[in-house]
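These are my notebook entries on a single model. I set out to look up the disulfides and then the strand pairing.

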Amino acid sequence: VLHPVYRIQSAVAVLGGLRINDANEAGAVRITVTDFTIHPQYEAEPDVFDVALVRLPLPVPFSDRVRPVRLPNLRQVEATFNGQQATVTGWGRFGEGTANSEELRFGRAQVISTLACRISLPTNTILDEHVCTDGANSSPCQGDVGAPLTIVDADGITTQIGVFSFISILGCESGRAAVHTRMSSYLNWIGANSDVEIRDNF
């Protein structure tokens with residue numbers, strides 16, 4: 001599940017890799033992808049329906065470094081995840097004015113309510129289809145767009161609840177909320193446009 005990028009012809013999916021530019025990294029799988037499905041209602045302003053799918057051209061061999069991530073189940077469509085500790089990973093910048101990271105990095109932040117997010121970002125449109133994280137201690141930055149937002153779910157399994165979408169125009173060091181596309185809002189669309197099985201329950 002990706003953040004949409006229009007006019008893209010191809011991309012390289014890096015699976016199980018820690019170093020983005022190391023084509024010879026042991027255990028990493030790199031696959032060129034050309035098949036993208038962007039949500040038909042996507043709008044860049046105000047970042048609604050900000051989700052896309054990538055179809056890999058060949059099966060992925062799972063290993064100790066390459067594992068599938070789980071999406072929320074249908075019972076979690078109304079779940080807010082408020083107060084839960086979430087993890088965002090990416091190769092984006094460390095902060096304003098820095099270059100993108102060569103190594104995969106992660107940060108942890110608390111999921112906050114839609115109301116708290118709207119207060120933090122008063123000039124942005126925050127919808128129920130968004131899930132926000134507190135930017136006080138850790139925030140995704142430029143270059144992290146499309147990065148997964150995960151939690152450890154009630155049954156102990158890592159579950160992807162979001163895809164990083166945008167931050168405040170004040171930047172990733174402003175302490176403002178970070179906004180992610182809420183995966184549970186798009187489960188039916190994902191199921192209808194992929195071979196991903198959407199679970200009813202845990």
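Entry 1, disulfides. I looked first at Cys117 and Cys132, and both are buried, where buried means under 20% relative accessible area, exposed over 50%, and partly exposed in between (1.4 Å probe, protein chains only). I note that the model is predicted: local features need pLDDT of at least 70, side-chain atom pairs count only at pLDDT 80 or more, and totals for chains, interfaces and linings use all residues. Residues are numbered from 1 along each chain as its sequence is written, and side-chain values use heavy atoms, with hydrogens and water left out.

I recorded a disulfide between Cys117 and Cys132, S to S 2.1 Å; the criterion is a pair of cysteine sulfur atoms within 2.5 Å. The torsion about the S-S bond of Cys117 and Cys132 is about -70°, so I entered this disulfide as left-handed. Cys117 lies in helix α1 (residues 114–120) and Cys132 in strand β7 (residues 130–133), so the pair ties together parts that are 15 residues apart in sequence. Helices (H or I, at least four residues) and strands (E, at least two) are DSSP runs, numbered from the N terminus.

Entry 2, the other pair. I found Cys141 and Cys172 joined by a disulfide, with their sulfur atoms 2.0 Å apart. This pair links distant parts of the chain, 31 residues apart: Cys141 is in the loop between β7 and β8, and Cys172 is in the loop between β9 and β10. The link of Cys141 and Cys172 is left-handed, with -50° about the S-S bond. Cys141 counts as buried because its relative accessibility is 1%, and Cys172 counts as buried at 9%.

I therefore closed the disulfide search at two in the structure. With the bonded cysteines of the protein chain numbered in sequence order, I read the pairing as 1-2, 3-4.

Entry 3, strand β9. I examined strand β9 (residues 158–167) and found nine of its 10 residues buried. Strand β8 (residues 148–152) pairs with β9 in the antiparallel sense over five bridges; strands pair if DSSP finds at least two bridges between them. Within this pairing I noted Val163 in β9 as the bridge partner of Pro148. β8 and β9 form a hairpin with five residues between them, and Gly156 in the turn has a positive phi of about 85°.

I then followed β9 to strand β10 (residues 178–182): the two run antiparallel and are joined by five bridges. Here Phe166 stands opposite Val179 in β10.
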